[in-house]
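Reader: I'm new to this structure and would like a guided tour. Could you show me how to read its features one at a time?

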Amino acid sequence: MAMPLSCLRVTCLLTALVLGAGAQAASVAMTGHMGGKALLVINGGAPKALAAGQSHQGVKVVSVQSDQTVIEVDGQRDTITLGGVPTIIMGQGGGGGGAREIVLMAGTGGHYFAQGAINGRSVRFVVDTGATSVAMGAEEARRLGIKFENGTPIQMGTANGVVRAYRVNLRSVRIQNVEVFDVEASVVPMAMPVVLLGNSFLGRFQMNQTNETLRLTRRY
């Protein structure tokens with residue numbers, strides 16, 4: 001499934017703007033799969049067949065499946081899906097977390113996913129403006145080394161009713177080259193496939209959505 005040319009051009013332009021600001025970034029789309037290799041369109045160029053361990057234009061392929069590929073740019077990893085919109089992935093080396101803007105492209109179902117970090121450990125986020133705070137499952141919290149049992153017990157309403165949860169403070173939350181410190185989060189007992197990026201993080205940004213692009217510009 002080929003990506004619309006206009007979409008690739010817009011994403012490539014956004015990446016060029018980011019690179020112009022001094023950060024290391026790449027726009028990557030997966031357009032096919034053949035013989036253990038992923039067909040990737042990097043920065044709007046011609047499709048390139050890459051196997052796990054191979055690199056092109058600063059993008060390293062970590063693993064390949066028939067419907068998705070894990071890529072890495074300067075230490076920052078993300079998962080791209082077959083036929084999805086181009087993903088902008090920024091490395092950790094450009095800007096040291098001091099940037100002020102995050103640019104996300106809409107994914108499956110119009111949701112905005114982002115690869116980032118909590119307390120320096122890799123995390124997969126989804127933007128959720130309906131969530132009061134950053135929220136995650138207990139299993140994910142343990143993986144991140146968060147001792148949530150020492151947090152404040154709270155009651156949270158979920159699709160399965162009211163559950164006992166814990167309120168904690170995260171030392172840092174990072175997406176692309178933007179890092180925010182002392183962010184409130186909630187840990188719930190059930191498993192969650194991704195971490196919800198709620199308003200304890202989003203509230204520090206001005207949000208601007210244009211077509212399939214979401215810009216988060218830091219306010220403080």
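**Strands, cores and odd angles**

Author: Let's start with one pair of residues: in β14, the bridge partner of Ala117 is Arg174. Keep in mind that this is a predicted model.

Reader: How many bridges join strand β10 to strand β14, and which way do the two run?

Author: Three bridges join β10 (residues 113-118) to β14 (residues 161-175), and the two strands run antiparallel.

Reader: Which other strands should I look at beside β14?

Author: Look at β13 (residues 152-158), which pairs with β14 in the antiparallel sense over seven bridges. There, Pro153 stands opposite Tyr166 of β14. Then turn to β15, which is joined to β14 by nine bridges, again antiparallel. In that pairing Ser172 stands opposite Phe181.

Reader: What sits between β14 and β15 in their hairpin?

Author: Two residues lie between the strands, and in this hairpin Gln176 takes a positive phi near 50 degrees.

Reader: Which residues should I check for a positive phi although they are not glycines?

Author: Try Asp182, which has a positive phi of about 55 degrees without being a glycine. Asp182 belongs to strand β15 (residues 178-188). Asn211 also has a positive phi, about 55 degrees, and is not a glycine either. Asn211, however, is found in the loop between β17 (205-210) and β18 (213-218).

Reader: Is Asn211 buried or exposed?

Author: Relative accessibility is the number to read here, and exposed means over 50%. Asn211 has 72%, so it counts as exposed. Asp182 is called partly exposed because its relative accessible area is 48%.

Reader: What about Met105: buried or exposed?

Author: The cut-off for buried is under 20%. Met105 has a relative accessible area of 11%, so it is buried. You'll find Met105 in strand β9 (residues 101-105). Have a look at Glu212 too: it is 107 residues away from Met105 along the chain, yet their C-alpha atoms are separated by 5.7 Å.

Reader: How do I read a sheet with open edges?

Author: Follow the strand order. One open sheet has four strands in the order β4-β5-β6-β7, with antiparallel pairing. β4 (55-56) and β7 (76-81) are at the edges with a single partner strand each, so one side of each has no neighbour in the sheet. β4 pairs with β5 (residues 59-64) over two bridges, in the antiparallel sense. One bridge to find there links His56 with Val59 of β5.

Reader: And how should I think about the nonpolar cores?

Author: In soluble globular proteins, nonpolar side chains tend to be buried together. Here the largest nonpolar core has 33 residues, and Ile118, Val134, Met136, Ile146, Leu170, Leu197 and Phe201 touch the most other members. Another core, of twelve residues, lies apart from it; among them are Val28, Ala38, Val73 and Ile80.

Reader: Which residues is Leu197 in contact with, leaving aside its neighbours within four places in sequence?

Author: Its contacts include Phe125, Val126, Val127, Asp128, Val134, Val173, Ile175 and Leu202.

Reader: Let's zoom out. How many helices and strands does the protein chain have?

Author: The chain has three helices and 18 strands. Of its 220 residues, 47% count as buried. As for the outside, the chain exposes about 10500 Å², and carbon and sulfur atoms supply 51% of that area.

How values were computed
Residues numbered from 1 in each chain as written. Predicted model: local features only at pLDDT ≥ 70, side-chain atom pairs only at ≥ 80, totals over all residues. Heavy atoms only, no water. Buried < 20%, exposed > 50% of the residue type's maximum accessible area, 1.4 Å probe, protein only. Pairing = 2+ DSSP bridges. Core = buried A, V, L, I, M, F, W, Y, C linked by side-chain atoms within 4.5 Å. Contact = heavy atoms within 4.5 Å. Areas by Shrake-Rupley, 256 points an atom, 1.4 Å probe, with all protein chains shown as cover.
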